[in-house]
Amino acid sequence: MSELISNKIQKNPKYLKLANRRGRLAWTLSAIVCVIFYGFILMIAFAPGVLTAPISAGSVIPVGLPLGVAVIVVCCLLTGFYVYESNQVFDPMFEEIVKEASK
Amino acid sequence: MFLIFVSITLGITYWAATHTKTATDFYAAGRGITGLQNGLAIAGDYMSAASFLGIASLVYFNGFYGLIFSVGWLVGWPVILFLIAERLRNLGKFTYADVAAFRLQQGPVRTMAAIGALIVVIWYLIGQAVGAGQLLHTLVPEMSYKMSIVIVGALIITYVTFGGMKATTWVQIIKAGLLLGGATLMALGVMAHESFSFEKLFSDAVNIHPKHLEIMKSVVPIGAKANPIESISLGLTLMFGTAGLPHILMRFFTVTDAKAARKSVLYGTCFIGYFYILTFIIGFGAIVLVANNPQYLVNISKSILDLKGGGNMPAVYLSHALGGDFFLGFIAAVAFATILAVVSGLTLAGASALSHDIYANVIMKGKATEKQEVWVSKLSVIGLGIIAVLLGIAFEKQNVAYIVALTFSVAACTNFPILVMSVFWKGLTTRGAVVGGYTGIIGSIVLLIIGPTVWTKVLGMGPAIFPYDFPTFFLLPAVLIVTYVVSITDSSASADKERALFDAQKVRSETGLGAEVAAAH
C-alpha cells in the first residue's frame, strides 16, 4: 500500500520540485555555516593578526572574540530559520502531496 | 548534593522501568519525547564534563584559544539539522546504522557502522570514566579513584538496564537544567565581581595571567607553533565529528516526528551555544579568581597556574572562590551529574549497536524477537559498563586527550560521510560504503598511532611519522573519494538494485511516509 503511494509520489512533479527546493535550502544553509566557520578558521590559520587586533585602541579585547561569539549566534539564527521554513512552509506542502497520492 | 541527585534519578529510573515494555520504549522512549524535552536532552547528552571543565581549563591556561573549541563544537549542530536530523527520524528505527544500511546489504554495512559506533562509544566512555574518577577523588579524598569509577559504573548500569531510553533522557534533561543553571550562576558571579564589565574582566585576566597579553592573542595553544593545516583539521574534526556521534544521533529516534526532531535541534543548539559562551566567561573568571590564589595551587612559588587535582579543576575551584563550600558542592554535583548523563547515553548507544545491529540484524538476520533483542541489549549495557570501569581504572595515569581525538576522528571520517552519502547520493552501493567505512576506521586509528599524541607523547618513539594530531584534513576527503570510486565502479546486479531503491528511500526521508510512528501510550 505505502509502496504504491510512494511510487505515485516519486512521479509527481510537484514533489520533485519541492524536494529539490528544500534540498537546495538545506545545502545552501550548510554552505553558509561552512563559509562562516572556515572563514574564521582560515583567519586563525593565515591571518591571526586580524583576529588578535584589539577592538579599539587601549582595549585588551581582540576582534576575534566578538566574532567568535557572533559565529555561535548566527548558527542559532540559521537553525531557527530552517526549522521555521521546514515546519511551517514545506511540511504542509509535503503533507498535501502525500494526501493526494493516498486517495 | 550527590545523594539528592542520585536518589531523584533512581526514582525516575524506577518510574521509567514500569513504563518500559517494548523495544521501542527501551531504545527510543516510545518515541514520545517532545521537541523541547529532546532539545534539553541533546544538550545534556552533548555538554560533557570535557566541554564544561575542559573548555574552562583551556581558557584558563591558553586564553582566547579556548574559544575555537566553543565555536567548533557548536557549528556541527546546524549541519546536523540541515542534512541529518529529520532524515534520520524518517528512515531509522533505533540506530544510525538503520539509516546507513537502509537500502544496502544489512550484514556488511551494519557490521561496519556498528564497529564505527562502538569504537566511538568505548573510547568516549574511557575518557568520561577517567574524568569521573579524577573529579570525585579530588573532591572527596576519602573516596579512592577506583571506588569512584565503580560507583559511576554501577549507577549507569542501573539507570540504563532498568530505565532504558526514558530514564536516560530524564537524567539528561535534569542534568542539562542543573548545568545551565550552575554555569549561569557562575558567570553571573564572575561578572558581578568584575562590576559587569567585560573590559574589566579581560584586562584583570591579562594582568594576572603569567603570559599577560599573549592570552588574548593565542590562536594556537600557548607555546605551540601556528600551523594552518592543523587548525583546519581541528575545525573539520570538531564540526563533522559532532555530526557522527552515535549517542547524539540516537536521540532523534526518541521524538514523535520529523517536525519535533528539527525543533529539538533548534533548542539544543541554542542551549549549547549559550552554555559555551558561559564557559568562556567562566574560564576567564578562573584566571582572575583562582590563579594566584595559594589555596588552590600546588606551589605558588613555582607557578601561579598549576592547580591541585590537575588541569581540569579551574571551573570547580572558581565555584569555591565565588560561593564557598556550598557552591563548590553544588557545582561538583553538577559535574558528577554531567558525567552520569553522558555515560548513560553512550552506554545505551553502544548497547543498541551490539544488540540491534550486530545481534538482531547481522547474527539473527532480523529474526530475533523483540524480547530477545532487549534482553541482549541489557546484557550489553552490563558488559559495556564493566568494560568502562575496568578500562577507566587501567587508564588512570594516562593522558586521555588523544581519546577525544580518536573518537571525533572516527565519527568525522566514518560515521558522518557514510551516513550523508547513504541519504543523499543515489550512487552509493554496499561495496562503496563498506570499503569507504573501513578506510575511515582503520585510517583514523593508524594515523593517530603514528601521530604526535600517541607516537611521541604516549609511546615516546621520537618525532611522529604523521605530523598532525587530527587526521581529518587528509582522511575525510580520502574516505569520500574511496567511497565514490568503489561505488561507481560497482556494476553488480545488487548494486543496480540498491541504486534503484534510492527514490523510494528519498520519498520516505522527505515526507515521513512509512516512518516509524510513536507508541500509542
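## A mostly covered helix in chain B

In this predicted model, helix α4 of chain B is mostly covered, since 11 of its 14 residues are buried. The buried residues of α4(B) are Ala49(B), Ser51(B), Phe52(B), Leu53(B), Gly54(B), Ile55(B), Ala56(B), Ser57(B), Val59(B), Tyr60(B) and Asn62(B). What covers them can be read from their contacts, for the buried residues of α4(B) pack against α3, α5, α7, α8, α12 and α13 of chain B.

The length of the helix can be checked with simple arithmetic: at 1.5 Å a residue, the 14 residues of α4(B), which run from 49 to 62, should span 20 Å, and the end C-alpha atoms of the helix are 19 Å apart, which agrees. Just after α4(B) comes Gly63(B), which takes a positive phi of about 70 degrees.

## Two helices that pack together

Two packed helices are described by the angle between their axes and the distance between the axes. In chain B, helix α1 (residues 2-18) and helix α13 (residues 314-363) pack at an angle of about 35 degrees, and their axes are 9 Å apart. The crossing of α1(B) and α13(B) is right-handed.

On the side of α1(B), the residues in this contact are Phe2(B), Phe5(B) and Val6(B), and they meet Ala332(B), Ala333(B), Phe336(B), Ala337(B) and Leu340(B) in α13(B). What kinds of residue make up the contact of α1(B) with α13(B)? They divide into eight nonpolar, no polar and no charged residues. An α-helix has 3.6 residues a turn, so residues three or four places apart point the same way.

Further along, helix α1 of chain B also holds Ile12(B), which counts as buried because its relative accessibility is 16%, under the 20% limit for that word. Leaving aside neighbours within four places in sequence, Ile12(B) is in contact with Ala167(B), Trp170(B) and Ile174(B). Ile12(B) and Gly163(B) are 151 residues apart in sequence, yet their C-alpha atoms are 8.0 Å apart in space.

## Cysteines without disulfides

A disulfide is a covalent bond between the sulfur atoms of two cysteines. How many disulfides does a search of the whole structure find? Over all chains, the search finds zero.

Two cysteines show how this result arises. The sulfur of Cys75(A) has its closest cysteine sulfur in Cys76(A), at 6.9 Å, which is too far for a bond; the cut-off used is 2.5 Å. Cys270(B) is in no disulfide either, and the nearest cysteine sulfur, that of Cys76(A), is 4.1 Å away. As for their surroundings, Cys75(A) is buried, with a relative accessible area of 3%, whereas Cys270(B), at 33% relative accessibility, counts as partly exposed.

## Positive phi outside glycine

Ala29(B) has a phi near 50 degrees, a positive value in a residue other than glycine. Ala29(B) is found in the loop between α2 and α3 of chain B, and its relative accessibility of 4% means that it counts as buried.

Phe196(B) also has a positive phi in a residue other than glycine, here near 55 degrees, and it lies in the loop between α8 and α9 of chain B. Is Phe196(B) buried or exposed? At 56% relative accessibility, Phe196(B) counts as exposed.

## Contacts within and between chains

In chain A, Leu51(A) has its place in helix α3, which covers residues 48-52, and at 0% relative accessibility Leu51(A) counts as buried. Not counting residues up to four places away in sequence, Leu51(A) touches Phe40(A), Met43(A), Ile44(A), Pro62(A), Val63(A), Gly64(A) and Leu67(A). One of these partners, Val63(A), is 12 residues from Leu51(A) along the chain, and the two C-alpha atoms are separated by 5.1 Å.

Ser30(A), found in helix α2 (residues 13-46) of chain A, is buried, with a relative accessible area of 4%. Which residues does Ser30(A) touch, not counting those up to four places away in sequence? They are Phe82(B) and Leu83(B), both of chain B. In chain B, Ile450(B) lies in the loop between α16 and α17, and, with residues up to four places away in sequence not counted, Ile450(B) touches Trp455(B), Ala464(B), Ile465(B) and Phe466(B).

How values were computed
Residues are numbered from 1 along each chain as its sequence is written. Chains are lettered from A and ligands numbered from 1 in the order in which they are written. This is a predicted model: local features need pLDDT of at least 70, side-chain atom pairs count only at pLDDT 80 or more; totals for chains, interfaces and linings use all residues. Side-chain values use heavy atoms; hydrogens and water are left out. Axes are lines fitted to C-alpha atoms, for helices over the stretch in contact, and angles run from 0 to 180 degrees between N-to-C directions. Helices (H or I, at least four residues) and strands (E, at least two) are DSSP runs, numbered from the N terminus. A crossing is left-handed if the near helix is turned anticlockwise from the far one by less than a right angle, and right-handed if clockwise. Contact means heavy atoms within 4.5 Å. Ala, Val, Leu, Ile, Met, Phe, Trp, Tyr, Cys and Pro count as nonpolar, Asp, Glu, Lys and Arg as charged, and the others, Gly among them, as polar. The expected span of a helix is 1.5 Å times one less than its number of residues. Buried means under 20% relative accessible area, exposed over 50%, partly exposed in between (1.4 Å probe, protein chains only).
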